[in-house]
Amino acid sequence: MLNKRRRFVPNNFDDSRSHHLLVKSLFAGVSLISCFIAYNFGAVLGIFTFVGISMLFMYPKAKHLWRSIGQPRLNNFYHPEMINCYRCYHTFEKQLVDIATQSWLDNPIYLPMVFVRSQGNGHYEVMVENINLANNLTKLNSINTLKGSLPGGLTITNVSLTEDGNHYTFKVIDTNFDNQLIINSSMLGLSNNAIPLTKSEQWNYLNDPHAIISGMTGSGKSYFTSYLYLYALASGVHVTVVDPKKSDLSILAGNNNTIEDDLLSIERIADNMANKEKVPDKKRQVDFLIIDELAALKASLSKADVTRLDNAITRIGLTGRSSKTILILVTQQANAHNLPTQLREQMSMRVLLGPATKSSLEFLFPDFQGNYSAGIGKGLLSISLEDKPFQAPKILGGNSFQSIKENMQVK
């Protein structure tokens with residue numbers, strides 16, 4: 001990070017040749033002095049002289065590098081996290097200089113200070129001092145330029161202004177970082193009221209209730225939902241699964257109900273919330289209602305029954321937190337037709353997997369500013385409005401959700 005603002009004047013700002021000539025002249029002078037000392041006083045003293053004088057010029061840059069990566073210990077200096085911190089710092093510093101040349105005024109320009117901090121597991125935070133030049137940096141075109149100029153694997157997911165208004169905060173993620181969670185029966189149910197999603201991320205469903213999972217056919221959404229089902233079940237949560245397609249999740253949960261039975265069970269869960277609130281909070285049972293797939297369920301119902309369904313799930317979405325009733329909706333197309341906007345705002349966790357339409361991306365992640373890239377089991381995750389690239393957990397080869405369910409222990 002910079003200890004002080006750099007001051008650029010018009011005569012030297014664009015002319016790098018004079019800077020190169022100065023460096024070459026200094027290098028030649030140091031070499032001559034070192035050779036003179038080596039000839040008269042010995043080679044060892046000459047080498048020490050050359051290294052010592054060179055370090056006087058190199059020290060400021062070394063100091064900036066050292067501080068920009070959080071002053072690590074020597075044995076961590078070449079750790080990938082530290083290297084990526086410097087890569088972020090160098091890219092932002094260069095971009096600030098480029099913006100300065102484009103918005104040059106008659107007066108000298110002072111560059112904002114840049115701070116880079118590693119948050120672990122491929123997550124970085126870059127803070128840029130909020131002065132006029134920094135304001136230019138956050139304009140859309142500048143952000144897009146920054147996205148393109150970040151080194152491979154690094155991407156900006158969010159830009160915000162700190163509460164004190166002194167800095168802009170850029171959230172940067174290394175998408176190449178192996179953050180994927182491996183599923184096995186021994187790790188299920190270990191976390192109370194929280195489900196691990198990656199090595200560094202978990203969903204606390206009591207603090208951040210309700211979730212929506214969206215993705216086209218084959219995107220991995222049912223696979224991910226099956227994991228949530230198993231983990232909740234292993235944690236002692238009472239889970240109700242509604243799957244009108246009678247697909248893998250229904251088979252895993254052993255649900256053979258008719259559509260009418262499913263609708264009645266959803267309404268019973270909504271009606272039971274008032275009774276649950278009469279029980280002391282610590283003794284209150286946690287209930288999960290998983291609906292996979294919401295659009296298919298609505299398509300199989302009459303217009304009157306769709307109204308009944310919407311009323312029930314809206315009640316759960318709006319008031320389910322206090323009664324510890326958690327709603328998980330799975331749908332191919334996330335839009336206002338399938339999910340009322342009022343209900344969308346209650347979904348603390350939002351997951352988009354696989355290729356997605358522009359409308360689904362904008363509906364679930366209206367403030368997302370990064371480049372969306374997806375594949376099977378890959379996409380975006382947002383918990384409490386913080387958008388991040390996401391790769392769903394996977395099972396090691398040779399296992400299945402059914403075998404894991406048979407071997408797991410339920411609390």
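These are my notebook entries on a sheet, a pocket and one serine in this predicted model.

**Entry 1, the sheet.** I started with the strand order. I found an open sheet of 7 strands, running β11-β12-β13-β10-β14-β15-β16 with mixed pairing. Its edge strands are β11 and β16, each of which pairs on one side only. I also looked up the twist: neighbouring strands here are turned by 15° against each other on average, with direction ignored.

**Entry 2, one strand pair.** Next I picked β12 (residues 287-292) and β13 (residues 325-331), which pair in the parallel sense over 6 bridges. Which residue of β13 is the bridge partner of F288? I read off I326.

**Entry 3, the second largest pocket.** I then turned to empty space. The second largest pocket holds about 570 Å³. Its lining counts 32 residues, and I noted I173, T175, G379, P389 and F390 as those nearest the centre. Two or more lining residues come from each of β5 (154-161), β6 (167-174), β15 (378-383) and β16 (386-391). How does this lining divide by class? I get 10 nonpolar, 17 polar and 5 charged residues.

**Entry 4, S235.** Last, I went to the loop between α7 (221-234) and β11 (238-242), where S235 is found. Is S235 buried or exposed? Its relative accessibility is 16%, so I log S235 as buried, the cut-off being under 20%. I also checked what its side chain meets: the side chain of S235 reaches the backbone oxygen of Y231 at 2.9 Å.

Methods: Residues numbered from 1 in each chain as written. Predicted model: local features only at pLDDT ≥ 70, side-chain atom pairs only at ≥ 80, totals over all residues. Heavy atoms only, no water. 1 Å grid on protein atoms, 1.4 Å probe; cavity = no way out; pocket = protein on both sides within 12 Å on 5 of 7 lines; lining within 4 Å. Points joined across faces, edges and corners; volume = space filled by probe spheres on them. Nonpolar A, V, L, I, M, F, W, Y, C, P; charged D, E, K, R; others polar. Buried < 20%, exposed > 50% of the residue type's maximum accessible area, 1.4 Å probe, protein only. Polar contact = N/O pair within 3.5 Å; in protein donor to acceptor, adjacent residues only side chain to side chain. Pairing = 2+ DSSP bridges. Axes fitted to C-alpha atoms, helices over the stretch in contact; angles between N-to-C directions.
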